[in-house]
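Reader: I would like a close look at one strand of this model and at what surrounds it. Please take me through that part slowly and connect it to the rest of the fold.

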Amino acid sequence: MQTYHYVLASQKFLLEEEPFEEVLKERTRHYHETEKEIDFWQVKQPAFLEAPEMAEVKAKCPQPSVAVISTNPQFITWLKLRLEYVLTGQFQAPSETIPDPLASQES
């Protein structure tokens, strides 16, 4: 099982009010330049929030939500400091309640 770290916010905040696309583009460029493998993903309506152990987190976040999920805790800490109004946390996957850490409920 792998530990995944996340930043969670409403789609309106993260995708419309913040210059978030620029942040991800810059980070992706940096990873390519340093030949580092991408270890973060943007997921709209993340399915991990449906796990019973995530009910409290889901209740705190305006819907529809979006998450940046990473295996790199330092990257998530960096995002939290840059974005401020987001929730952060971690979960283990794959598990019985979270079979796919990057799954989306968006159709």
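Author: A residue is called buried here if its relative accessible area is under 20%. The model is a predicted one, and the part to look at closely is strand β3, residues 65–70, which is mostly covered, with six of its six residues buried. In a regular strand the side chains alternate between the two faces of the sheet. In β3, S65, A67 and I69 point one way while V66, V68 and S70 point the other way, and all of them are buried.

The setting of β3 is an open sheet of four strands in the order β2-β3-β1-β4, with antiparallel pairing. The edges are taken by β2 and β4, each of which has a single partner strand, so one side of each is left without a neighbour in the sheet. Neighbouring strands are turned by 25° against each other on average, when direction is ignored.

On one side, β3 pairs with strand β1, residues 2–10, in the antiparallel sense and over six bridges. Within that pairing, A9 has V66 as its bridge partner in β3, and S10 has S65. Strand β2, residues 40–44, also pairs with β3 in the antiparallel sense, here over five bridges, and V66 of β3 is the bridge partner of K44. V66 is thus a bridge partner of A9 and of K44.

Helices lie against these strands as well. Helix α2 lies across β2 and β3 and runs at about 150° to β2. Helix α4 packs on the sheet, where it touches β1, β2, β3 and β4, and its direction makes about 15° with that of β1.

The side chains show how β3 takes part in the interior. The largest nonpolar core has 16 residues, and those with the most contacts inside it are L14, F20, V68, F75, L79 and L83. To this core β1, α1 (11–17), α2 (20–33), β3 and α4 (73–83) each supply at least two residues. If residues up to four places away in sequence are not counted, L14 touches A9, F20, V66 and L83, and V66 is one of the residues that point the same way from β3 as V68. A second, separate core of 14 residues includes Y6, V43, C61 and F91.

Aromatic rings add a further layer to this picture, and the structure holds eight aromatic pairs. Y6 and F48 form one that is tilted, with 5.0 Å from centre to centre and 45° between the planes. Y6 lies in strand β1 and F48 in the loop between β2 and α3 (55–60), so this pair ties together parts that are 42 residues apart in sequence. Y6 counts as buried because its relative accessibility is 2%, and F48 counts as buried because its own value is 1%. A second pair is that of F40 and F75, whose ring centres are 4.8 Å apart and whose planes stand at 40°, so this pair is tilted. It links distant parts of the chain, with F40 in strand β2 and F75 in helix α4, 35 residues apart, and F40 and F75 are both buried. Ring pairs also link Y4, Y6, F48 and F91 into a cluster. Elsewhere, the charged end of R27 sits over the ring of W78, 5.3 Å from the centre of that ring.

The backbone around β3 deserves a careful look too. Most residues other than glycine have a negative phi, and most peptide bonds are trans. Against that background, the bond that joins Q63 and P64 is cis, with omega at about -5°, and P64 is found in the loop between α3 and β3. A cis peptide bond also runs from A93 to P94, with omega near -5°, and P94 lies in the segment after β4 (87–93). Q45, although not a glycine, has a positive phi of about 45°; this residue is found in the loop between β2 and α3, and at 18% relative accessibility Q45 counts as buried. E84, also not a glycine, has a positive phi of about 65° and lies in the loop between α4 and β4.

Methods. Residues numbered from 1 in each chain as written. Predicted model: local features only at pLDDT ≥ 70, side-chain atom pairs only at ≥ 80, totals over all residues. Heavy atoms only, no water. Buried < 20%, exposed > 50% of the residue type's maximum accessible area, 1.4 Å probe, protein only. Pairing = 2+ DSSP bridges. Core = buried A, V, L, I, M, F, W, Y, C linked by side-chain atoms within 4.5 Å. Contact = heavy atoms within 4.5 Å. Phe/Tyr/Trp six-rings, centres within 6.5 Å; stacked < 30°, edge-to-face > 60°. Lys NZ or Arg CZ within 6 Å of the ring centre and 35° of its normal. Axes fitted to C-alpha atoms, helices over the stretch in contact; angles between N-to-C directions.
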